[in-house]
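Student: I've got this one open on my screen and I'd like to talk it through. Can we start with a single contact and work outwards?

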Amino acid sequence: MVAFLRREYSGGGATTALSASMSSSDVTFAIVNATGWPGSPAANFMVVIDRGTPAEEKILCSANASTTVTVATRGYDGTSAAAHSSGAT
């Protein structure tokens, strides 16, 4: 049994929320506000959804067109792909 799980977050990305729910298999997701997010084309970037909750997931993303984000890899960096509710940050 693991006594604790250490996660590392570097950088100061802009916080936003999902504008629609997403399933554990979605390959795109919609955000409320893209201000401060990489534009398209962009080098891969990572997001964390539901940080600090049991549903926490890191997602490696490949592009952002306005408020639609394209996923490269779900369940990145030791997390698992999960469903997330609209409004999740």
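Student: Okay, which backbone oxygen does the side chain of Thr 79 reach?

Tutor: Keep in mind that this is a predicted model. Thr 79 sits in the segment after strand S4, which covers 68–76. Thr 79 counts as buried because its relative accessibility is 8%. At 2.8 Å, its side chain reaches the backbone oxygen of Tyr 76.

Student: Now the sheet. What is the order of its 4 strands?

Tutor: It's an open sheet with antiparallel pairing. S2 and S3 are joined by 5 bridges, and S3 and S4 by 6 bridges. Strand S1 (28–30) and S2 stand at the edges with a single partner strand each, so one side of each has no neighbour in the sheet. Read across, the order is S1-S4-S3-S2.

Student: By how many degrees are neighbouring strands turned against each other on average?

Tutor: Take the strands in their order, S1-S4-S3-S2. Ignoring direction, the average turn between neighbouring strands of this sheet is 45 degrees.

Student: Along strand S2, which side chains point to the buried face?

Tutor: The side chains alternate along residues 45–49. Met 46 and Val 48 point to one face and are not buried. Those pointing to the other face, and buried, are Phe 45, Val 47 and Ile 49.

Student: Which residue in S3 is the bridge partner of Ile 49?

Tutor: S2 and S3 run antiparallel, and S3 spans residues 57–65. Ile 49 is at the end of the 45–49 stretch of S2. Its bridge partner in S3 is Glu 57.

Student: And which side chain meets Glu 57 in a salt bridge?

Tutor: Side chains of opposite charge can pair when their charged atoms come close. Here the N to O distance is 2.7 Å. Glu 57 is in strand S3 and its partner is in strand S4, so the pair ties together parts 17 residues apart in sequence. Both residues are buried, and the partner is Arg 74.

Student: How many salt bridges are there in the whole structure?

Tutor: Besides Glu 57 with Arg 74, there's Asp 77 with Lys 58, at 2.6 Å from N to O. Asp 77 lies in the segment after S4 and Lys 58 in strand S3, so that pair ties together parts 19 residues apart in sequence. A search of the whole structure gives 2.

Student: Is Lys 58 buried or exposed?

Tutor: Its salt-bridge partner is Asp 77, which counts as partly exposed because its relative accessibility is 46%. For Lys 58 the figure is 3%, and the cut-off for buried is under 20%. So Lys 58 counts as buried.

Technical notes. Residues are numbered from 1 along each chain as its sequence is written. This is a predicted model: local features need pLDDT of at least 70, side-chain atom pairs count only at pLDDT 80 or more; totals for chains, interfaces and linings use all residues. Side-chain values use heavy atoms; hydrogens and water are left out. Helices (H or I, at least four residues) and strands (E, at least two) are DSSP runs, numbered from the N terminus. Buried means under 20% relative accessible area, exposed over 50%, partly exposed in between (1.4 Å probe, protein chains only). A polar contact is a pair of N or O atoms within 3.5 Å; within protein, one must be able to donate a hydrogen and the other to accept it, and residues adjacent in sequence count only if both atoms are side-chain atoms. Two strands pair if DSSP finds at least two bridges between them. A salt bridge is a side-chain nitrogen of Lys or Arg within 4 Å of a carboxyl oxygen of Asp or Glu. Axes are lines fitted to C-alpha atoms, for helices over the stretch in contact, and angles run from 0 to 180 degrees between N-to-C directions.
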